[in-house]
Amino acid sequence: MGLTELFSKIDYTFQGLYVIFLGVIIGYLEFKIPPQLYSYCSSFFSFLGRGLIYILIAILNFHGSAVRILASLVVFVVGVVYCALEFIQSIQPPENMQGEQGLSTDGLDDVI
């Protein structure tokens, strides 16, 4: 969605760059989580926080062509599902959303 923003109007160029940057960061954090991230961005480790990030991305891109609106609706629905999972007690967060207890610190020295 962010790539189509870059080439549409000059008004949306910075919005496109923001969405691409945010998408790359979120994609990276799905697979590799730095140990200090929990202290700076603890909302990313809850279903509600992650869902609100996806909803923000969807709202930023909800304009223009039918393809962009359809992609935004899909991202919005995923965000709403993440938010709903926060309130279901029987669902446990996956390992990459466990916060400090889910992060392995093997080979890292404590810095004081």
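In which sense, left-handed or right-handed, does H4 pass H5 in its crossing? I will come back to that in a moment, after a few words on the protein as a whole, and please keep in mind throughout that this is a predicted model.

The protein has five helices and zero strands, so that, read along the sequence, the pattern is α-α-α-α-α. Of its 112 residues, 30% count as buried. If we take the contacts between residues at least 6 apart in sequence, 62% of them join residues at least 24 apart.

Let me turn to helix H4, which covers residues 47-60. With 14 residues at 1.5 Å a residue, H4 should span 20 Å, and because its end C-alpha atoms are indeed 20 Å apart, the expected and computed values agree. The buried residues of H4 are Phe47, Gly49, Arg50, Gly51, Ile53, Tyr54, Ile55, Ile57 and Ala58, and what they pack against is helix H2, residues 13-31, together with helix H5, residues 66-85.

Now to the pairs themselves. Two packed helices are described by the angle between their axes and by the distance between those axes.

For H4 and H5, the axes are 7 Å apart and the packing angle is about 165°; since an angle over 145 degrees counts as roughly antiparallel, H4 is therefore roughly antiparallel to H5. As for the opening question, H4 passes H5 in a left-handed crossing. On the H4 side, the contact is made by Phe47, Leu48, Arg50, Gly51, Leu52, Tyr54, Ile55, Ile57 and Ala58, and on the H5 side by Ser72, Val75, Phe76, Val78, Gly79, Val80, Tyr82, Cys83 and Leu85. By residue class, this contact of H4 with H5 divides into 14 nonpolar, three polar and one charged.

Staying with these two helices for one residue, Leu56 is found in H4, and at 38% relative accessibility it counts as partly exposed, because the partly exposed class lies between 20% and 50%. The C-alpha atoms of Leu56 and Val75 are 9.4 Å apart in space, while the two residues are 19 apart in sequence.

What, then, of H2? This helix has 19 residues and reaches 28 Å from its first C-alpha to its last, which is close to the 27 Å expected at 1.5 Å a residue. Its buried residues are Thr13, Gln15, Gly16, Val19, Leu22, Ile26 and Leu29.

The axes of H2 and H4 come within 11 Å and cross at roughly 155°, which means that H2 is roughly antiparallel to H4. Here, too, the crossing is described as left-handed, with H2 passing H4. H2 contributes Gln15, Tyr18, Val19, Leu22, Ile26 and Glu30 to the contact, and H4 contributes Arg50, Ile53, Tyr54, Leu56, Ile57 and Leu60. The residues of this contact of H2 with H4 divide into nine nonpolar, one polar and two charged.

One last residue deserves a mention, namely Gly23, which lies in helix H2. Is Gly23 buried or partly exposed? At 38% relative accessibility, Gly23 counts as partly exposed. Its C-alpha atom is separated by 8.5 Å from that of Ile57, although the two residues are 34 apart along the chain.

To gather the threads, H4 has buried residues that pack against both H2 and H5, with H2 roughly antiparallel to H4 and H4 roughly antiparallel to H5.

Note on methods: Residues are numbered from 1 along each chain as its sequence is written. This is a predicted model: local features need pLDDT of at least 70, side-chain atom pairs count only at pLDDT 80 or more; totals for chains, interfaces and linings use all residues. Side-chain values use heavy atoms; hydrogens and water are left out. Helices (H or I, at least four residues) and strands (E, at least two) are DSSP runs, numbered from the N terminus. The expected span of a helix is 1.5 Å times one less than its number of residues. Buried means under 20% relative accessible area, exposed over 50%, partly exposed in between (1.4 Å probe, protein chains only). Contact means heavy atoms within 4.5 Å. Axes are lines fitted to C-alpha atoms, for helices over the stretch in contact, and angles run from 0 to 180 degrees between N-to-C directions. Angles under 35 degrees count as roughly parallel, over 145 as roughly antiparallel, 65 to 115 as roughly perpendicular and the rest as oblique. A crossing is left-handed if the near helix is turned anticlockwise from the far one by less than a right angle, and right-handed if clockwise. Ala, Val, Leu, Ile, Met, Phe, Trp, Tyr, Cys and Pro count as nonpolar, Asp, Glu, Lys and Arg as charged, and the others, Gly among them, as polar.
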